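Work through the exercises below with the model open beside you. Try each task before reading its solution.

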Amino acid sequence: MSWRLVDLTVSRTCKGFHVEVPVPTPKKNELLLKLEASSLNPLDWKIQKGVMRPFAPRKFPHIPGTDVAGEVVEVGPGVKSFKVGDKVVAWLSISDGGGLAEFAVSKEKLTVARPAEVSAAEAAGLPIAGVTALQVLTQSAGIKLDGSGQEANILITAASGGVGLYAVQLAKLGNTHVTATCGARNIELVKSFGADEVLDYKTPEGAALKSPSGRKYDFVIHCALTGIPWSTFEPNLSKKGKVLHLSPSPSSMATFALKKITFSKKQLVPVWASVKSENLDYLVKLVKEGKLKTVIDSKHSLSKAEDAWAKSIDGHATGKIIVEPF
């Protein structure tokens with residue numbers, strides 16, 4: 001038995017190609033999934049560009065993609081929580097990947113049940129983007145999503161992207177005032193998800209990150225992949241404001257170190273999310289309850305995955321880019 005996949009390897013030409021390979025066999029505590037949807041993240045093409053070497057990919061050829069949803073078709077030894085026929089959403093390891101395919105193997109501990117009310121495409125958007133938004137808000141910023149606690153003023157950059165749209169929605173479950181930046185075409189969309197103020201990042205006011213109501217930010221959830229200098233953030237921060245940087249660069253790491261050693265009250269903090277099943281399960285339940293929505297930018301068939309890949313690299317997707325194996 002063989003199956004079709006897209007293999008976008010890190011190579012000298014950095015080109016992807018379609019191949020047929022054997023269906024993988026689940027090992028101990030693993031599940032074999034027939035995939036119904038996968039979503040792309042910037043990390044996928046950063047791996048292709050060699051950013052994660054020597055840690056990822058673990059081997060070649062490499063099948064990219066980590067965020068998947070599908071149906072369990074086989075269980076490996078030791079699996080207790082799932083059975084054949086279960087609908088699930090899973091996060092595959094960065095080093096192994098495997099999401100741009102018809103079948104993939106997931107670890108039981110990084111797989112959660114997907115109720116009928118949550119589509120495969122909606123669920124596939126959650127693992128990296130949704131969990132990142134959840135963890136930066138609740139763990140790094142300390143926002144309580146039950147609405148309790150003191151009000152926090154939050155700025156979310158690139159708020160119409162995959163992480164940004166989840167972050168806006170989750171932040172508004174807490175006691176927050178949210179200012180957001182995005183392109184002009186997405187201002188009404190971001191407002192519709194609860195943002196109190198939305199700035200067009202291309203305007204002078206948007207580029208300066210200034211709150212229209214004159215608020216100072218307690219936290220900046222910096223989702224944008226492009227660099228914004230500390231000199232732009234600093235005057236907009238409250239006395240103990242923090243910039244939570246989701247894609248830290250060498251310059252931002254230098255700023256982080258400088259603020260630490262000088263005991264500055266205003267901080268830039270690099271943030272790396274770690275996908276955990278309890279976080280993923282929580283997000284799936286929010287989607288089921290109608291409290292969180294996955295915004296889908298576009299859907300692409302597996303045979304046209306290179307189009308999805310190019311769209312992700314372009315960096316202007318609104319929400320999540322989905323690949324479906326049919």
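The exercises go from the whole chain to single residues.

This is a predicted model: local features need pLDDT of at least 70, side-chain atom pairs count only at pLDDT 80 or more, and totals for chains, interfaces and linings use all residues. Residues are numbered from 1 along each chain as its sequence is written, and side-chain values use heavy atoms, with hydrogens and water left out.

**Exercise 1. The chain**

Task: State how many helices and strands the chain holds, and what share of its residues is buried.

Solution. Start with secondary structure: there are 10 helices and 15 strands. Helices (H or I, at least four residues) and strands (E, at least two) are DSSP runs, numbered from the N terminus. Next, burial: 53% of the 326 residues are buried. Buried means under 20% relative accessible area, exposed over 50%, and partly exposed in between (1.4 Å probe, protein chains only). Last, take contacts between residues at least 6 apart in sequence: 68% of them join residues at least 24 apart. Contact means heavy atoms within 4.5 Å.

**Exercise 2. The sheet**

Task: Give the strand order of the open sheet of 6 strands, then find which helices pack on it.

Solution. The order is β10-β9-β8-β11-β12-β13, and the pairing is parallel. β10 (197–200) and β13 (267–270) are the edge strands; each has a single partner, so one side of each lacks a neighbour in the sheet. Neighbouring strands are turned by 20 degrees against each other on average, direction ignored. Axes are lines fitted to C-alpha atoms, for helices over the stretch in contact, and angles run from 0 to 180 degrees between N-to-C directions.

Now look at one pair. β8 (residues 152–157) is joined to β11 by 4 bridges. Two strands pair if DSSP finds at least two bridges between them. T157 has H222 of β11 as its bridge partner.

Then add the helices. α3 (residues 126–140) touches β8, β11 and β12 (237–245), at about 155 degrees to the direction of β11. α4 (residues 162–171) touches β8 and β9 (176–182), at about 165 degrees to the direction of β8.

**Exercise 3. A buried leucine**

Task: Locate L283 and list its contacts beyond four places in sequence.

Solution. L283 lies in helix α9 (residues 277–288). Its relative accessible area is 0%, so L283 is buried. Neighbours within four places aside, L283 contacts L126, G130, V131, L134, L170 and L292. Now check P127: 156 residues separate it from L283 in sequence, yet the C-alpha to C-alpha distance is 8.9 Å.

**Exercise 4. The buried side of α10**

Task: Which residues of helix α10 (residues 305–314) are buried, and why do they share a side?

Solution. The buried residues are A305, A308, W309 and S312. They share a side because they cover an arc of only 100 degrees around the axis. The arc is that of the directions from the helix axis to the C-beta atoms. After α10 comes G315, with a positive phi near 80 degrees.

**Exercise 5. Two positive phi values**

Task: Are N29 and L209 buried or partly exposed?

Solution. Recall the background: most residues other than glycine have a negative phi. N29 has a positive phi near 65 degrees. N29 sits in the loop between β2 (16–22) and β3 (30–39). At 33% relative accessibility, N29 is partly exposed. L209 also has a positive phi, about 65 degrees. L209 sits in the loop between α6 (204–208) and β11 (217–222). With a relative accessible area of 3%, L209 is buried.
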